[in-house]
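Colleague: I would like a close look at one part, the lining of a pocket, and I would be grateful for an account that a first-year student can follow step by step.

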Amino acid sequence: MKLPEEFDNDRYNPYDRGQSKTLLFMIVLVSAVVLLILIVVISNNDFGSNRSATPRPAGPTPDNDTSAFVNRIDIPNDQLRVEDLDFWHMYPPQDEEIILNNQEVEPEQPVAEPSPTPDPSEDGRHTLIERRNGTSEWILINPYITRNNYDPLGFILRRDRMGYFEQERQISKIGIDLSSQNGKVDFRRVKNDGIDFVMLRVGARGYESGHITVDDDFTENLDAALNSGLNVGVYFFSQAINAEEATEEANLIIEKLAERKITYPVVFSMDQIAFDTSRIDKLSRAEKTEITDTFCNYISGAGYVPMIQGTKQWLIEQIDLTKLMNYEIWLAQPGDLPDYPYKFQIWNYTHKGSVAGVNGDVNMNICFIDYTAR
């Protein structure tokens with residue numbers, strides 16, 4: 001047992017024990033708070049690490065991806081990086097293509113000039129049709145109809161007579177066509193004037209009445225022409241409106257020839273009437289084609305050479321040549337050169353010819369075929 005003075009020596013104080021306990025409690029409390037703060041900090045760092053470790057889409061972020069910039073600015077300030085504040089690259093240079101919302105906008109291109117329209121007069125595939133009403137039109141040439149292969153340089157006019165030459169040799173025959181309108185004809189003088197053949201009109205059908213008339217001088221002219229040594233062909237001006245009338249016209253020709261031997265074709269001639277209406281005006285192209293075919297087929301069956309006469313416009317627009325390709329063509333196109341695109345055998349090149357033995361103007365023709373050799 002200690003004496004009081006011993007306690008003094010040990011500096012004993014009854015209050016010291018309570019203060020020690022308080023100090024110990026504070027130390028423990030501070031340690032716990034520090035430990036809690038450390039845990040929170042570590043947890044936050046783990047969360048930040050996980051967030052920054054979240055994989056981004058593969059490939060580079062498009063320069064104009066504004067959503068990427070928005071995501072960056074949503075990041076807490078304590079986790080922002082220097083590159084997260086780099087937004088200037090979102091605005092592309094002015095000379096580059098602008099890409100908005102993943103849609104490309106091409107720079108404006110210069111407007112191309114339209115291609116020039118091909119000139120039908122130079123393409124070799126069209127031919128010009130001129131109509132009596134004053135209109136004209138470039139028509140596509142039918143590739144299924146035999147083209148004419150005449151050389152334009154082969155047509156030569158000598159002493160007012162047209163001829164066609166190949167290798168400086170004239171292969172064409174010169175002829176005239178006559179009707180009762182030419183009056184009396186001296187066929188011997190015609191022959192001596194260098195004419196090779198004549199085409200005589202047998203008759204015509206009235207374009208209003210439909211009645212058939214025979215040329216008054218036909219039989220006399222036929223005999224006189226044959227006796228003078230001329231080659232002879234005949235033609236009929238038709239205004240038939242059906243196949244029956246076409247057959248009637250063909251029968252009349254065969255009857256009038258009466259077994260006389262002619263060497264040139266029997267021709268079907270049909271045309272519209274200038275400055276007047278006619279009974280064929282309302283016929284369709286198909287009907288005119290059928291009438292023409294009926295006449296030519298009947299003539300062919302009788303042993304003669306059938307032929308179709310017409311203007312360029314008539315032959316191309318008024319009848320269907322694809323259905324008449326078995327028949328030969330007599331082209332009526334006065335002028336310096338024929339521009340009919342298809343094959344033809346006789347060409348009427350002028351209405352104002354002059355021939356000895358014929359009074360006044362006469363129609364002049366050249367023929368590219370020697371029918372006497374057939």
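What gives the most to the lining of the largest pocket, and with how many residues?

Modeller: Strand E9 gives the most, with 3 residues in the lining of the largest pocket. Before going further, please keep in mind that this is a predicted model, in which local features need pLDDT of at least 70 and side-chain atom pairs count only at pLDDT 80 or more, while totals for chains, interfaces and linings use all residues. Residues are numbered from 1 along each chain as its sequence is written, and side-chain values use heavy atoms, with hydrogens and water left out.

E9 covers residues 197-205, where helices (H or I, at least four residues) and strands (E, at least two) are DSSP runs numbered from the N terminus. It does not line the pocket alone, for E8 (173-178), E9, E11 (231-238), E12, E13, E14, E15 (346-353) and E16 (362-367) each supply at least two residues of the lining. A pocket here is an open set of points on a 1 Å grid over the protein atoms alone, where a 1.4 Å probe fits and protein lies on both sides within 12 Å along at least five of seven lines, and its lining residues have an atom within 4 Å of a point. The lining of the largest pocket has 32 residues, of which Tyr 235, Phe 237, Ser 269, Gln 309 and Asn 363 lie nearest the centre of the pocket.

Two of those central residues, Ser 269 and Gln 309, also face each other as bridge partners, Gln 309 being in E13. Strand E12 (residues 266-270) runs parallel to E13, and 4 bridges are found between the two; strands count as paired if DSSP finds at least two bridges between them. On E13 there is a second parallel partner, strand E14 (residues 328-332), again joined to E13 by 4 bridges. In that pairing, Gln 309 stands opposite Trp 330 of E14. Gln 309 therefore has a bridge partner in Ser 269 and also stands opposite Trp 330, within a strand, residues 306-310, that is largely enclosed by the rest of the structure because 5 of its 5 residues are buried. Buried means under 20% relative accessible area, exposed means over 50%, and partly exposed lies in between, with a 1.4 Å probe and protein chains only. If you follow the side chains along E13, Met 307 and Gln 309 point one way, whereas Pro 306, Ile 308 and Gly 310 point the other way, and all of them are buried.

Returning to E9, we can look at how its residue Arg 205 is connected to another part of the chain. A salt bridge is a side-chain nitrogen of Lys or Arg within 4 Å of a carboxyl oxygen of Asp or Glu, and a search of the whole structure finds 16 of them. Arg 205 forms one with Glu 249, the closest N and O atoms being 2.7 Å apart. Although the two residues are joined, they belong to distant parts of the chain, with Arg 205 in strand E9 and Glu 249 in helix H6, 44 residues apart. Another salt bridge joins Arg 205 to Glu 248, at 3.1 Å from N to O, and here too the parts are distant, Glu 248 being in helix H6 (residues 243-257) and 43 residues from Arg 205. Arg 205 is buried at 4% relative accessibility and Glu 249 is buried at 0%, whereas Glu 248, at 42%, counts as partly exposed. The contacts extend further, since Arg 205, Glu 245, Glu 248, Glu 249 and Arg 279 are linked in a network of salt bridges.

Just ahead of E9, a further salt bridge connects Asp 193 with Arg 161, with 2.8 Å between the closest N and O atoms. Asp 193 sits in the loop between helix H4 (187-192) and E9, while Arg 161 is in strand E6 (residues 161-166), 32 residues apart, and the pair thus links distant parts of the chain. Asp 193 is partly exposed, at 27% relative accessibility, but Arg 161 is buried, at 19%. E6 itself belongs to an open sheet of 3 strands in the order E5-E6-E7, with antiparallel pairing. At the edges stand E5 (155-158) and E7 (169-170), each with a single partner strand, so one side of each has no neighbour in the sheet. E6 and E7 are paired over 2 bridges, and Glu 166 stands opposite Arg 169 in E7.
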